[in-house]
Amino acid sequence: MENTSLRLRWRRPAMPMRDPAHTRHEGGIASGSFLRRTSTWIWIARFKLGLGLLILILCYQFIKDCSQLFIEGKGQLQAPIVNSRSSPEQEQAWQQTCEASRRDNMHRPPPSSSNNTTHSLRHETKSDLPEKSNVVACTIAIHEQPYLTEWAEYNLHVLNIAKLYIYDNADNLELSNWTVDSASMSIGREGESGQNGTNNTNNRESSRISITHYPGKKQQGPAYKDCARRALSEGYEYAFFTDVDEFLVLYQHNSIMELAVDYLGKGDEDVHVDVEVDNDGKIRGASSDPPPTPFQTEQNETRIVGSLGMNFRTLGNNCDIDYEAVPVSKRFQYRVESSYPMNVFIKSLVKLKWLDLDVDFTDPHFYKLRKDDNGKQAVKIDTNRHVRGGSLQPMRLYDVAAVHHFLHKSLSEYRKKRDRGGGTTGPSMMLIENAKKGLDNHGKPLPGGNIYDDEVWKRLVEKVPSYKNYDA
């Protein structure tokens, strides 16, 4: 008999028949469960993200608040917090700390014979430079009357500014009765935006001071633009855009007119500067951003110089608490280190014919220049005759000129300044809060100043001898 082998085969067991409706029902349950789980994960992720951001914000604020309790630098002291309602004891503690910090970092004391020393302020005038000034100054002011006379006399008699255009930004015309005793000229006053004026100042010989009522918020840019237009229409050639707490000091020129002709040229005789232009037409140095490295250039060009930028030199507050009816250049004669952050900012002297009046003036430190007939952009330079762009000059050049900036004054004056706000940006809550605590723009204690510098004062006394009475 033949043996037969049995072959066992595995077969998949038959699946029971399922109702299609029942299958759809289970699938719906699974799908819904998945969606619910996914939604829960999303909300958990959102919660974690929000919690993380909140923790980061709280940590940042904590570190910032802690950092404001200290002054950077060796040998400097902790500054007590001073608020807007600080007691006399708190303000005295702030003053003592400020004075202690100054003593520890003083470069040299004021010379005992300073008031009796004859200073050599001028060099020989170049014979080919004009004597008659063709430079105006543009400024906007609000609640600045206690400081305005000193500023006006310095600009008129020391710098030999041809005309001051002062825009009164107060709601009511505060400067309606203001006069400058040493200025033997009339003061032209005009209504809002130059309309309905009591004096017609369209004639450049009618007065050396023009006051225009210009109320409203953030009016610095529009006022400067209006000033430039008016100066051009009256035949002036240059404009210096400045504030009442800024005093331009010249170290190598007799007047601002000599400076303007030297760096910007006179009339149709423009000053040109060599520039490097990259393949995209960008000029090395003309942007506030650094140029690419390496700087890809195909050619060098010459461009017309339309503006000169000069660095701030910030004066300290002398550790004073309250206002005193004494000229600011007499009260504050100690400046801060050149490395102070605010010193990177500039103020501009502009040749008006190259100023672009078709754009808004949005930056009080920098102004857009127009193109020449060949489509080449005019440029701004520093006192080393290098092309610079934007509002900052980190090099901090002081060999030719410097804008002495009495930014802080006394503690009470600085608080009022911050409450008022800037003419371009308006009030800043951060700066207001810093001022209440006796801190500057960068959250550091207001500097008392530690480098003796009376350059503004000695020039003012030389040209306006009546100021010698404050030295008695």
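This passage walks through the salt bridges of the structure and a nonpolar patch on its surface.

The model is a predicted one, so local features need pLDDT of at least 70, side-chain atom pairs count only at pLDDT 80 or more, and totals for chains, interfaces and linings use all residues. Residues are numbered from 1 along each chain as its sequence is written, and side-chain values use heavy atoms, with hydrogens and water left out.

Side chains of opposite charge can pair when their charged atoms come close. The structure holds 21 salt bridges, each one a side-chain nitrogen of Lys or Arg within 4 Å of a carboxyl oxygen of Asp or Glu. One of them joins the side chains of Arg415 and Glu91, at 3.6 Å from N to O. Arg415 sits in helix H7 (residues 411–420) and Glu91 in helix H2 (residues 88–105), so this pair ties together parts that are 324 residues apart in sequence. Helices here are DSSP runs of H or I with at least four residues, strands are runs of E with at least two, and both are numbered from the N terminus. Arg415 counts as buried because its relative accessibility is 11%, and Glu91 does too, at 17%; buried means under 20% relative accessible area, exposed over 50%, and partly exposed in between, with a 1.4 Å probe and protein chains only.

Next up is the salt bridge between Lys347 and Glu246, whose side chains meet at 2.7 Å, N to O. Lys347 belongs to strand S12 (residues 346–351) and Glu246 to strand S6 (residues 246–250), so the pair ties together parts 101 residues apart in sequence. Lys347 is buried, at 0% relative accessibility, and Glu246 is buried as well, at 2%.

Arg385 and Asp262 also meet through their side chains in a salt bridge, at 3.0 Å from N to O. This pair links distant parts of the chain, 123 residues apart: Arg385 is in the loop between strand S13 (379–381) and strand S14 (387–388), while Asp262 is in helix H5 (residues 256–264). Both are partly exposed, Arg385 with a relative accessible area of 34% and Asp262 with 23%. Elsewhere, salt bridges that share partners gather Glu237, Asp268, Asp270, Lys351 and Lys353 into one network.

On the surface, Phe47, Leu51, Leu54, Ile55 and Leu58 make up a nonpolar patch with about 500 Å² of accessible area together. Patches take residues with over 30% relative accessible area and no salt bridge, joining like charges within 9 Å and nonpolar side chains (Val, Leu, Ile, Met, Phe, Trp, Tyr) within 5 Å. Accessible areas come from the Shrake-Rupley method with a 1.4 Å probe, and for residues only the protein chains shown count as cover. Phe47 is part of helix H1 (residues 20–67) and counts as exposed, at 57% relative accessibility.
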